[in-house]
Amino acid sequence: MSDDDNDNVDQGNMADEWAAAMEEQVTEESSEAGGEAAPIDLEDFGETGGAIPTGVEGRPDLDVILDIPVSISMEVGSTAITIRNLLQLNQGSVIELDRLAGEPLDVLVNGTLIAHGEVVVVNEKFGIRMTDVISPSERIKKLR
């Protein structure tokens with residue numbers, strides 16, 4: 001058998017092993033989760049739920065969550081490229097994004113859009129000035 005024949009056999013075996021592993025992973029995930037996750041209605045967490053500590057006048061006590069850290073990031077833009085092009089990137093490469101110059105940046109908290117803003121410099125560090133903040137009700141609608 002030539003080296004090319006060995007490579008083809010190895011590639012075929014590797015593909016079969018990957019397919020089996022992927023199928024096993026899907027089976028494990030569905031059995032662990034008990035099938036597909038059911039959506040949760042945010043109204044279920046109202047005053048009658050009892051799981052949310054309440055403060056004055058039965059309103060949720062937000063002090064409980066105010067010290068939880070969240071990740072905030074600013075997104076200048078994005079694009080999709082092939083793995084071939086990704087592997088060819090080196091110092092000095094330029095990637096074209098889907099935004100125009102001067103267009104507002106997206107401000108994301110834990111991956112959820114909360115505002116738009118513009119870049120500013122404060123004490124020789126970059127910052128962002130919020131130009132448009134999405135209302136809390138709109139943010140909750142996006143979560144559903």
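What follows is a chat between a biologist and a modeller about this predicted model.

Biologist: Let's get our bearings. In what order do the elements of the protein run from the N terminus on?

Modeller: Sure, it's a mixed bag: the protein has 3 helices and 4 strands. The strand β2 covers residues 105-109, β3 covers residues 112-122, and β4 covers residues 125-133. From the N terminus on, the order is α-β-α-β-β-β-α.

Biologist: And what share of the residues count as buried?

Modeller: The protein exposes about 12600 Å², with carbon and sulfur atoms supplying 54% of that. Of the 144 residues, the share that counts as buried is 8%.

Biologist: Okay, on to the strands. How many bridges join β3 to β4?

Modeller: Start with the other neighbour: β2 and β3 pair in the antiparallel sense over 5 bridges, and Val107 has Ala115 as its bridge partner in β3. On the β4 side, Val122 stands opposite Lys125. β3 and β4 also run antiparallel, and the number of bridges joining them is 8.

Biologist: Which residue takes a positive phi in the hairpin of β2 and β3?

Modeller: Both hairpins are worth a look here. The one made by β3 and β4 has 2 residues between the strands, and there Asn123 takes a positive phi near 50 degrees. In the hairpin of β2 and β3, also with 2 residues between the strands, the phi near 50 degrees belongs to Asn110.

Biologist: Now Asp106. Why does Asp106 count as buried?

Modeller: Asp106 sits in strand β2. Leaving aside neighbours within four places in sequence, Asp106 is in contact with Ser73, Met74, Glu75, Arg99, Leu113, Ala115 and His116. The cut-off for buried is under 20% relative accessible area, so Asp106 counts as buried because its relative accessibility is 12%.

Biologist: Which residue forms a salt bridge with Asp106?

Modeller: There are two side chains to keep apart. His116 is joined to the Asp106 side chain by a polar contact of 3.0 Å. The salt bridge has its closest N and O atoms 2.4 Å apart. Its other member is partly exposed, with a relative accessible area of 21%, and that residue is Arg99.

Biologist: The structure holds 2 salt bridges, so to speak of the other one: which residue meets Arg129?

Modeller: The N to O distance in that one is 2.8 Å. The pair links distant parts of the chain, with Arg129 in strand β4 and its partner in strand β3, 11 residues apart. Arg129 counts as partly exposed at 47% relative accessibility, and the partner is partly exposed too, at 36%. That partner is Glu118.

Biologist: What about nonpolar surface: how much accessible area does the patch with Val70 have together?

Modeller: Val70 is in the loop between α1 (3-33) and β1 (72-75), and at 49% relative accessibility Val70 counts as partly exposed. Leu62, Val64, Ile65, Leu66 and Ile68 are in the patch with Val70. Together they have about 580 Å².

Biologist: Last one, Ile95. How far apart in space are Ile95 and Ser78, C-alpha to C-alpha?

Modeller: Ile95 is in the loop between α2 (83-87) and β2, and is partly exposed with a relative accessible area of 41%. Not counting residues up to four places away in sequence, Ile95 touches Thr79 and Leu89. Ile95 and Ser78 are 17 residues apart in sequence, and in space the C-alpha to C-alpha distance is 9.3 Å.

Notes: Residues numbered from 1 in each chain as written. Predicted model: local features only at pLDDT ≥ 70, side-chain atom pairs only at ≥ 80, totals over all residues. Heavy atoms only, no water. Buried < 20%, exposed > 50% of the residue type's maximum accessible area, 1.4 Å probe, protein only. Polar contact = N/O pair within 3.5 Å; in protein donor to acceptor, adjacent residues only side chain to side chain. Contact = heavy atoms within 4.5 Å. Patch = residues over 30% accessible without salt bridge, like charges linked within 9 Å, V, L, I, M, F, W, Y side chains within 5 Å. Areas by Shrake-Rupley, 256 points an atom, 1.4 Å probe, with all protein chains shown as cover. Salt bridge = Lys/Arg side-chain N within 4 Å of Asp/Glu carboxyl O. Pairing = 2+ DSSP bridges.
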